[in-house]
Amino acid sequence: MIWLNRYAKLVAACTLLLIAAGGMVTSTGSGLSVPDWPNTYGWFMFTFPMSKWVGGIRYEHTHRLVASTVGFLTIVLAIWTWRVDPRSWVRRLGFAALGAVILQGLLGGLTVLLLLPPAVSIGHAGLAQLFFCLTITLAVVTSPAWSGARALTDPMLPRITLATTILVYCQILVGATMRHIGAGLAIPTFPLAFGHVLPPDWTTAIAVHFAHRAGALVVLAAVTLTTAHIWHWHRPQRDLIRPATLLLLFVCSQATLGALVVMSALQPIINTAHVVNGALVLATSLVLTLRVFHRTLQPVTGDVKRSRRADIPLLEKDLREVHG
Amino acid sequence: MYVNKLWAFFAGALMVVAVACGGQKDEAPGAPPPNAKRVDPSKAGNVTGRVTVEGAVPANPRLPIEGEPYCSQQNPNGAVAENFVADNGGLENVFVYVKDGLNGYWFDVPTESVKLDQHACRYQPHVLGVRVGQKLAISNSDDTLHNVHALAKANREWNKGQSLKNIVDEKVFTKPEVMIQFKCDVHNWMHAFVGVLDHPYFAVTRDGGKFELKDLPAGTYTVEAWHEKLGTQTQTVTLGEKDSKELTFTFKTAAASSN
């Protein structure tokens, strides 16, 4: 199982690389630099000569090759999980990841052949993050720490972490919409919108862009709340403190990168860093959520070493119920 | 059950691809209607003129060709965009055409094709016109790959790769559209603009902003001048039989407008 876990981590890391490669395609406007699919200028994808990797083709073709590699790695991951892991839901998760990566490949091809319709491109970007979440989940649930998790009694925490993860994903979808309708500079000033807190004029592009900025504040607040809650009530729990702290760091970096994207007028590397860091925010929030849910679902036994402060609200609630 | 649903989805997706890629057939206009009017060359007139520019002409930005060895080799001194080509106060690369006033006339589609070449990592010419149903022959004189992406709105948008030197693809537009932007997504600085019209009365300004619309029948016309950065201007002109009129369009740059 340890090698399966290491392999799942490798697949997740390669998926992050794939997201970076895809980010560069959109950021450089190279999405249609290879007009055909699955071939590349008529060549079989893997035999396309390197001498012809010029201009935007470098980004698009690299993206396709990394995607194919991740696809192959996912096939192996699904089969390996099926053969090794005794839990049926984990085995199904492996094949769900395989289905997701196949669907993702088809969406990638469709968006090229249909000349980048926003709906398909946004679907491609959204599914990329879901597939990344599946690989992260497989890496988390196959880890040795997963089977040795201790019980946690904090009914609030699963709700907070799940809500934060959903918010982060929604924010990523709004960001993807902004990118694929070309609204990245619909509000070209930062932090104010055309010198105002609210944009003086509204178009679809401005509304989507503004929603992404407003969403960033909501996500920042949610992550701060989650991290503060964990710091306050679960400080000894290193498996929670570490992702919570990392989540706060990533979300602060993300806000900074978002500002830089606007101020640099969509510089491709900064733009891609924003996309990749967004995926890291989602992944970290997901890891935290998975660990919290898993630990909350563990049966509480007498020998379980509880968190220093986690039970205090429950005890207070119990006392209130006992004494009216 | 799950597998069946998955296959059903893939089959659906493939059908969408098939429909999307099946292609809409590019067809030339059909036969003229029975009551179609024809232009009598012996009674036709001309509209000539010039497009000028007022105010400081902005400098064209340098093209980011440095990262591309072949394109750099073809442009050893670097290259600049063709957004503003001005000569002695005249503005070139302006598409001038009859926008309105030719209702009821029928014009045969020329059999010869209009050429658009990719040479030294640029489109040549930068602005051109083609007739509805006329062949546009797009060639690649470069020893590198280009893709030709027509960002049409009224016509069908398409994207064609040209991976070999001297390859030629012929395309036909089926509806009038001014202008269709062409771009190369491989080399993102490459742009061309194509005006598609169902009549022959269009020109691209050259030689200090001059243009000529020849063999126009008598009538009142709206003439439009289009520039990729400065927008459009229209004028109305009335032409009698064997008449000649002169028009001048003056575009103001941002520097002139702010004064």
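Q: How many residues does each chain bring to the contact between chain A and chain B?
A: In this predicted model, chain A brings 19 residues and chain B brings 22 residues. The cut-off behind such a count is C-beta atoms within 7 Å.

Q: Which helices of chain A supply at least two residues each to the side that touches chain B?
A: Helix H2 (56-84) and helix H3 (88-113) of chain A do. H3(A) gives the most, with four residues.

Q: What is the make-up, by class, of the side of chain A that touches chain B?
A: Ten residues are nonpolar, seven are polar and two are charged. Asp, Glu, Lys and Arg are the residues that count as charged.

Q: How is chain A divided into domains?
A: Domain 1 of chain A covers 1-147, and domain 2 of chain A covers 149-324. Their centres, taken over C-alpha atoms, are 25 Å apart.

Q: How many residues of domain 1 and domain 2 of chain A are in contact?
A: On the domain 1 side, 21 residues take part; on the domain 2 side, 23 residues. Helix H1 (2-27), helix H4 (118-141) and helix H5 (144-147) of chain A each supply at least two residues of the domain 1 side. The largest share there, eleven residues, comes from H4(A).

Q: How many charged residues are on the side of domain 1 of chain A that touches domain 2 of chain A?
A: There are no charged residues; the side divides into 13 nonpolar and eight polar.

Q: At what angle do H1(A) and H9(A) pack?
A: H1(A) and helix H9 (residues 268-297) of chain A pack at about 145 degrees, with axes 8 Å apart. Angles run from 0 to 180 degrees between N-to-C directions. The crossing of H1(A) and H9(A) is right-handed.

Q: Which residues make the contact of H1(A) with H9(A)?
A: H1(A) uses A:Leu16, A:Ile19, A:Ala20, A:Gly23, A:Met24 and A:Ser27. H9(A) uses A:Pro268, A:Asn271, A:Thr272, A:Val275, A:Val276 and A:Ala279.

Q: Why is A:Gly23 of this contact polar or nonpolar by class?
A: A:Gly23 counts as polar because Gly is placed among the polar residues. The contact of H1(A) with H9(A) has eight nonpolar, four polar and no charged residues.

Q: What share of chain B is called buried?
A: Buried residues make up 32% of the 259 residues in chain B. To be called buried, a residue needs 20 or more other C-beta atoms within 10 Å of its own.

Q: How many helices and strands are in chain B?
A: Chain B has three helices and 18 strands. Among its contacts between residues at least 6 apart in sequence, 68% join residues at least 24 apart.

Terms used: Residues are numbered from 1 along each chain as its sequence is written. Chains are lettered from A and ligands numbered from 1 in the order in which they are written. This is a predicted model: local features need pLDDT of at least 70, side-chain atom pairs count only at pLDDT 80 or more; totals for chains, interfaces and linings use all residues. Two residues are in contact if their C-beta atoms, placed from the backbone, lie within 7 Å. Domain bounds come from an automatic or database domain assignment. A residue is buried if 20 or more other C-beta atoms lie within 10 Å of its own, exposed if 12 or fewer, and partly exposed in between; C-beta atoms are placed from the backbone. A crossing is left-handed if the near helix is turned anticlockwise from the far one by less than a right angle, and right-handed if clockwise.
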